[in-house]
Amino acid sequence: MHINFIERKGRVLTRSTLKCLSQVASINPTLGCVHQCAYCYARGYSFYPGDGTVLVYGNMPEKLKKELSTCRKLPAYVFFSTTCDVLQPIPQVLKVTYELIEVLFEYGVGVNLLTKGRIPAKFLQLFSQYKKLVHVQVGITTLERDIQKKIEPYAATPQERLLNIKRLCETGIVPEVKLDPLIPGVTDTESNLTALFKEIQGFGVHSACMNYLFLRPQIKKNLCKTLGNTPFLSKILMHYQNGKSMNLLAEKSHVVALDVHYRKQAYEQISQWAKDFRIDAYVCGCKNPDITEEPLCGMNWGKHFEGSSSQKRLF
Ligand code: SF4
């Protein structure tokens, strides 16, 4: 693995083209991500440095301070991150992430953090001092290590992610779970999801955002490269034979999605299973514009930072 510091020239706070994030400032402190998830869309971007390389913007905390000090209106919160995981287990990444979050808290700006990594104790200590400014989404779709390892080879294990959830809840920060991407026939089964719901309900989690895997040429290529010519890969791709070409609620974002009837029925079914564990599982329109146009995940974070708990549900 090659880790190099580079200098950020442009602004630190940027906007995503995805509708649910378009009104939210995002920060991406690295180019590349060590987790190397087989389905990662960022691995297909022109600025992706290639597998095995992570470039860290070492000057970002300093630049962020300057940007915030000249902001006419501070953002309510910032999203970490659209094209990397800020808790990759690399000391240089964790240092920059920690410093960025410290700067944001100093200015009273909240943090919405999505991770499939391990949350270090130092971060939990920091979060415990700014609970109202923290919303965490833990990406997890299975408790089966064998499945998780195939699709997210270098991310935290399911047990480590459960530990993240447990520790966050003990700190008084109840995270949301991100069931994304669900893989048809693999992670969307009743046995897989009810086992997961049972575990997370035990910690007090009550909200889950769900989305199915969509394919782009680069994602398909990475899946083939990671999974090889195996029955596991064939099982996944089989579901996309009747897939639908679709534009996400984002600029120029064209993907192959599962048939809409499959998704509708499955989301409804998953939502019912989740309800048995008192968990609200909802669909965000950004990745399912043919089902709902509501960019729900962004609305939910917004409400968290406004201190409201009311959420609009599809099912
Ligand atoms: S953790 Fe996120 S950014 Fe990193 S490889 Fe996985 S999907 Fe991509």
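For sorting residues, Ala, Val, Leu, Ile, Met, Phe, Trp, Tyr, Cys and Pro count as nonpolar, Asp, Glu, Lys and Arg as charged, and the others, Gly among them, as polar. Keep that handy for the exercises below, and remember that this is a predicted model.

**Exercise 1. The ligand shell**

Task: find which residues are around the ligand, and sort them into nonpolar, polar and charged.

Solution:
- Start with the list: Cys 33, His 35, Gln 36, Cys 37, Tyr 39, Cys 40, Cys 84, Asp 85 and Lys 116 surround the ligand.
- Now sort them: Cys 33, Cys 37, Tyr 39, Cys 40 and Cys 84 go in the nonpolar pile, His 35 and Gln 36 are polar, and Asp 85 and Lys 116 are charged.
- Check the tally: 5 nonpolar, 2 polar and 2 charged.
- As for where the ligand sits, the space it takes is the largest cavity.

**Exercise 2. Backbone oddities**

Task: pick out the cis peptide bonds at Ser 81 and Pro 181, and look at the phi of Gln 36.

Solution:
- First, the background: most residues other than glycine have a negative phi, and most peptide bonds are trans.
- Phe 80 and Ser 81 are joined by a cis bond with omega about -10 degrees. Ser 81 belongs to the loop between strand 6 (77-80) and helix 2.
- Asp 180 to Pro 181 is also cis, omega being near 0 degrees, and Pro 181 is part of strand 9 (residues 176-182).
- Gln 36, one of the residues around the ligand, isn't a glycine, yet its phi is positive at about 50 degrees. Look for Gln 36 in the loop between strand 4 (30-31) and strand 5 (53-57).

**Exercise 3. Two helices**

Task: work out how helix 2 and helix 3 are oriented, and which residues meet.

Solution:
- Helix 2 (residues 91-106) and helix 3 (residues 121-129) pack at about 5 degrees, axes 11 Å apart.
- Angles under 35 degrees count as roughly parallel, so helix 2 and helix 3 are roughly parallel to each other.
- From helix 2, Leu 94, Thr 97, Tyr 98, Ile 101, Glu 102 and Phe 105 meet Lys 122, Phe 123, Leu 126 and Phe 127 of helix 3.
- Sorted, the contact has 7 nonpolar, 1 polar and 2 charged residues.

How values were computed
Residues are numbered from 1 along each chain as its sequence is written. This is a predicted model: local features need pLDDT of at least 70, side-chain atom pairs count only at pLDDT 80 or more; totals for chains, interfaces and linings use all residues. Side-chain values use heavy atoms; hydrogens and water are left out. Axes are lines fitted to C-alpha atoms, for helices over the stretch in contact, and angles run from 0 to 180 degrees between N-to-C directions. Helices (H or I, at least four residues) and strands (E, at least two) are DSSP runs, numbered from the N terminus. Angles under 35 degrees count as roughly parallel, over 145 as roughly antiparallel, 65 to 115 as roughly perpendicular and the rest as oblique. Contact means heavy atoms within 4.5 Å. A residue is near a molecule or strand if one of its heavy atoms lies within 4 Å of it. On a 1 Å grid over the protein atoms alone, a cavity is a set of points where a 1.4 Å probe fits but cannot get out, and a pocket is an open set with protein on both sides within 12 Å along at least five of seven lines; lining residues have an atom within 4 Å of a point. A molecule sits in a cavity or pocket if more than half of its atoms lie within 2 Å of its grid points.
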